[in-house]
Amino acid sequence: MSDRLPDINTKLDFDEAKAEWKRAAVTDINGQYISVCGSGYEDLEPLGPGIGLWFRTLKSLALYFFLMTALMAFVIYNAVYLYYNEDSDMDEDTMEVLARVTTGVVATTSQDKTVQGWDMRLVMLVISCLDVFAILCFLIMIAHLKRRQDAYVEENDDAVVSLPDYSVVVWGIPKDADEDSLIEHFSQFGELADCVVVRDLGKVMGPRIRRAGQLDVLKNMKIQAAAFEIKKQKRALNVQLKRIDRQKKRVEKTNVKIEKKLDEGFDTVCAFMTFEEPEGRAACVDAFNEQWSCCHKQELLYRGKHKLRIKPAPEASDILWENVLRKNACAQLTRKFISFLVILVLCAAAVGVLVYAKDAASNAAPAVSCATVEPSDLDPAPALHCSAIWDLAGEDAYNDPTSQARLAIDKFVDNVALDACANYISGAEWILPMDAYGADGFAAAQNDALPATTEPWLGGFMSESYADECAALTCKKCYCVSSVDVTSMIMDYFAGSSADSANFCKEIYDQMALETSVLLGTIVMTTLTNMILMSSAQVFSKFERHKTISATETNCAKYTFAALLVNQAIVPVVIYSYIEALEGFPVLFQGQYGDLETAWYNKVMVTIISTAIVNIVAFPLGAALPNIAAAVSRFVFGCCAPSQKKLNEIYTPAEFSLAKRYGQMLCGLFYSIIFLCAAPPLAPAAAVLFFAMYLTDKWLLLKFSKRPPMYDHKLNAFFLKTAPYAAWTHLALACWAFGYYEIPSFIVDPGGLAGKVGVDASAVTSATGDGGDVDLSGKPAQFDFMARLVRANALVPFVMFLIVTVALFFAGLVENIASVFGNACVGEEKVDEVPPFSDLIFAGDVRYDEPTKEGELNNKLSGLRSYRLEDNPEYMKLFPEVLSADGTGGTRERPATPANKAPKAQNMV
């Protein structure tokens with residue numbers, strides 16, 4: 001390390017910085033920027049099959065959901081009509097705004113006719129068939145995308161010549177394997193152009209990467225010191241020189257560690273065999289594929305005893321050499337466990353937020369439509385007449401603290417058991433007849449008979465049940481939200497305690513405000529947690545030390561997808577749901593909702609739809625924000641850059657990573673498909689989301705990003721393999737949602753298999769007396785599957801569910817059998833039409849830019865020329881000791897090195 005300070009030019013050259021930007025940015029074959037609006041697939045596909053497939057997939061998904069939006073328009077219109085028509089038994093307080101366009105409307109109303117007098121049973125059967133048709137179209141689209149991917153990858157593979165066309169990677173070699181014996185062993189398949197034995201250099205690559213960072217910091221320090229020297233700032237210069245000395249000592253300390261590790265020696269990990277002809281590679285792959293995993297041919301055993309594993313070789317630029325280590329199952333499992341544990345802890349934060357939200361919702365008044373608690377012309381007639389029992393409006397209870405109805409109803413409300421109220425509600429209607437308790441002056445008579453506030457509660461006028469207390473809370477809520485103006489509500493909310501004589505409705509308003517604030521807080525916290533989970537997914541994918549960039553990105557996509565889906569869709573379901581068989585289970589499935597009832601749509605579906613709407617902005621904006629911040633930084637700080645090097649760094653384009661994007665896309669796809677049967681508005685939300693992602697990513701790629709790595713099709717293949725399970729889960733949920741006993745349906749039960757099917761609310765209006773807390777809703781047992789499947793609405797998706805289950809099962813079975821018995825059943829390896837390896841022209845050759853003559857094979861090698869570390873420019877900065885004087889290159893000559901020692905200039909011998 002020289003002590004001489006570099007010569008610098010204090011005048012910043014913005015043309016140079018912009019030229020550096022253009023060299024790194026995405027341009028066409030002529031070096032010109034690509035137009036965002038005027039570009040098509042043909043302009044994006046040269047960036048690699050992965051980039052082309054990403055934009056094709058986004059556009060296909062956006063188109064699919066736009067078409068499904070047209071299909072779901074009928075479903076949404078039906079829900080809106082049922083909620084807002086003049087004969088509706090629902091009012092403004094029955095359901096949340098977003099819940100009014102969900103299947104929850106049909107599960108709540110008792111109307112048996114819809115638009116133009118159509119029978120609701122027939123309409124729901126049509127909706128069920130439309131839902132299955134939408135999923136069938138989705139599966140057809142996935143199959144089409146799979147065929148198009150295979151054709152697209154094959155087309156690109158034929159058009160591009162690269163190292164994998166000639167090479168295989170060999171695993172299972174012994175620690176003392178050497179180049180000569182490997183060449184001798186694999187020569188049986190054809191002439192070899194190169195053999196690269198990879199050493200276990202993971203323990204030394206870490207310090208080398210750290211040293212590269214230290215040297216970069218040292219260079220910046222020297223540039224800053226040179227600037228101080230030019231400006232004759234002696235004091236600042238002396239301080240900077242001391243900092244430079246300390247940094248040099250850090251570099252020297254790291255050098256010592258590197259030298260020590262190099263002297264320890266390295267074992268072999270794997271080998272890359274590059275054949276002269278592609279036929280040699282194909283013969284090698286076919287020979288190893290033809291044998292069973294348990295029975296190896298003697299001629300294929302290395303040194304007569306070592307079983308080798310042959311895998312397709314990745315692109316040389318795709319390899320993370322610092323992670324190419326000898327397999328250590330314990331270390332790999334430990335890293336995966338730590339990654340899983342930390343991400344699980346982060347997901348627990350979202351669980352905590354929703355547990356708090358669930359507790360807030362548990363104090364809410366029963367979800368009863370206020371239109372059904374007073375006399376009306378509804379059929380059947382309402383079972384509860386609030387004004388006949390507690391005439392709050394007639395006595396002006398809000399303004400009169402001495403009102404007998406007000407004094408009486410408060411005593412009932414103070415002793416209510418909220419968990420018992422669901423027994424008297426079906427859909428959004430009160431179903432226990434209470435006409436016997438409605439009489440003139442009844443509230444006053446109650447007050448005389450009710451115990452004082454300081455005395456024990458005796459159970460009210462229905463001492464054996466909580467029906468009267470639940471009815472009182474229902475009546476009070478309806479009075480407070482329908483008979484009081486908004487100004488009074490706001491004043492009551494900000495007023496003193498509910499014990500004050502003037503704050504009769506404060507508890508009701510406080511609960512409503514709490515529920516609203518908790519919902520908004522949940523959405524905000526879910527969005528923030530999403531950002532943390534996405535960052536964590538990237539960090540821990542690198543922490544697991546995968547051997548290639550593609551594997552790291554695929555794992556990052558998996559973690560991002562799983563974490564986001566759990567956070568946004570699965571957690572709300574398991575927190576709010578209640579399963580009787582799991583009663584007492586910690587936190588999960590201990591909610592208030594044992595079925596897809598009105599309150600479930602008001603909480604769970606509203607949360608998921610709200611999050612989906614937020615994601616329309618959050619996902620594209622999250623991808624764009626770093627680029628926007630960088631553009632602002634260039635504009636503000638570019639003129640103040642301390643050196644040309646720093647200015648060039650400011651003008652460095654951003655990375656364009658597909659991993660996080662695929663995770664977000666899969667998450668949005670899954671919650672949109674899974675819950676589409678319960679929430680049709682998810683279709684237009686998904687259409688807008690994917691269209692926004694398409695436009696944003698295209699804009700970011702062509703205007704703000706450096707040329708991305710040559711992504712292969714693996715991320716898209718992961719998407720295509722995973723997507724059908726969204727359809728499978730959707731069909732299972734559709735059976736449950738459409739089979740809800742309150743949803744009108746034709747019954748298909750010729751043999752009486754289901755016994756008594758769910759009863760309409762009107763069937764229990766004849767119930768009388770004080771029979772205790774008995775469930776009068778007529779709903780079947782929680783897991784009475786037959787009671788759902790005999791309903792035609794559920795039977796239609798169930799048949800499709802069985803078909804998809806069988807298809808996925810056999811697809812998985814074939815894949816598992818292939819993994820167990822090896823590739824013996826795989827067909828012959830494809831031989832690419834490429835010239836011999838020795839006839840290839842490498843990048844840097846003067847002939848490389850010349851067009852290929854018509855009728856001749858493409859002989860220009862795309863990517864790196866070999867699997868040697870010194871041929872990878874991304875890693876050469878880690879080996880400054882082998883760079884030439886001008887810092888532009890290294891050496892291809894390999895010095896004599898002991899078998900178990902790695903040369904300091906390269907990681908292979």
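Helix axes here are lines fitted to C-alpha atoms over the stretch in contact, and the angle between two axes runs from 0 to 180 degrees between N-to-C directions. The model shown in these close-ups is predicted.

**View 1. Helices H22 and H23 meet at a small set of residues.**
Let us start with the pair to which that definition applies. Helix H22 covers residues 714-722 and helix H23 covers residues 724-738; their axes come within 4 Å and cross at roughly 20°. Angles under 35 degrees count as roughly parallel, and H22 and H23 are therefore roughly parallel to each other. On the H22 side, look for Leu720, Lys721 and Thr722, which meet Pro724, Tyr725 and Ala726 of H23. By residue class, this contact of H22 with H23 holds four nonpolar residues, one polar and one charged.

**View 2. Helices H16 and H17 run in roughly antiparallel directions.**
Two packed helices are described by the angle between their axes and the distance between the axes. For helix H16 (residues 506-543) and helix H17 (residues 549-576), the axes come within 8 Å, with a crossing angle of roughly 155°. An angle over 145 counts as roughly antiparallel, so H16 is roughly antiparallel to H17. The crossing of H16 and H17 is right-handed. H16 brings to the contact Thr526, Thr529, Asn530, Leu533, Met534, Ala537, Gln538, Ser541 and Lys542. Facing them in H17 are Thr552, Asn555, Cys556, Tyr559, Thr560, Ala563, Leu564, Asn567 and Gln568. Ten of the residues in this contact of H16 with H17 are polar, seven are nonpolar and one is charged.

**View 3. Four strands make an open antiparallel sheet.**
If you trace the sheet from one side to the other, the order is E2-E3-E1-E4. Strand E2 (192-199) and strand E4 (309-312) are the edge strands, each pairing on one side only. From one strand to the next, the twist averages 25°. A helix belongs in this view too: H6 (residues 179-186) lies across E1, E2, E3 and E4 and runs at about 135° to E2.

**View 4. Strand E1 pairs with E3 and with E4.**
Strand E1 spans residues 167-171 and strand E3 residues 268-275; five bridges join them in the antiparallel sense. Two of the E1 residues make handy landmarks on this side. Serine 167 has threonine 274 of E3 as its bridge partner, while tryptophan 171 stands opposite cysteine 270 in E3. E1 also runs antiparallel to E4, and four bridges join the two. Here valine 168 stands opposite proline 312 of E4. How many residues of E1 are buried? Five of the five are, so E1 is largely enclosed by the rest of the structure. Both of its faces are covered, with Ser167, Val169 and Trp171 buried on one side and Val168 and Val170 buried on the other.

**View 5. Strand E3 also pairs with the edge strand E2.**
E2 and E3 are antiparallel and share seven bridges. To find your place in this pairing, use cysteine 195, whose bridge partner in E3 is methionine 273. Eight of the eight residues of E3 are buried, so E3 is largely enclosed by the rest of the structure.

**View 6. Isoleucine 51 touches residues far along the sequence, including Pro708.**
Isoleucine 51 sits in helix H3, which covers residues 49-84. Is isoleucine 51 buried or exposed? Its relative accessibility is 0%, so isoleucine 51 counts as buried. Leaving aside residues up to four places away in sequence, isoleucine 51 touches Leu44, Phe656, Leu658, Leu701, Pro708 and Tyr711. Isoleucine 51 and proline 708 are 657 residues apart in sequence, yet their C-alpha atoms are 8.4 Å apart in space.

**View 7. The whole protein holds 26 helices and six strands.**
A last view sets the close-ups in context. Of the 909 residues in the protein, 50% are buried. Among contacts between residues at least 6 apart in sequence, 79% join residues at least 24 apart.

Methods. Residues are numbered from 1 along each chain as its sequence is written. This is a predicted model: local features need pLDDT of at least 70, side-chain atom pairs count only at pLDDT 80 or more; totals for chains, interfaces and linings use all residues. Side-chain values use heavy atoms; hydrogens and water are left out. Angles under 35 degrees count as roughly parallel, over 145 as roughly antiparallel, 65 to 115 as roughly perpendicular and the rest as oblique. A crossing is left-handed if the near helix is turned anticlockwise from the far one by less than a right angle, and right-handed if clockwise. Contact means heavy atoms within 4.5 Å. Ala, Val, Leu, Ile, Met, Phe, Trp, Tyr, Cys and Pro count as nonpolar, Asp, Glu, Lys and Arg as charged, and the others, Gly among them, as polar. Two strands pair if DSSP finds at least two bridges between them. Buried means under 20% relative accessible area, exposed over 50%, partly exposed in between (1.4 Å probe, protein chains only).
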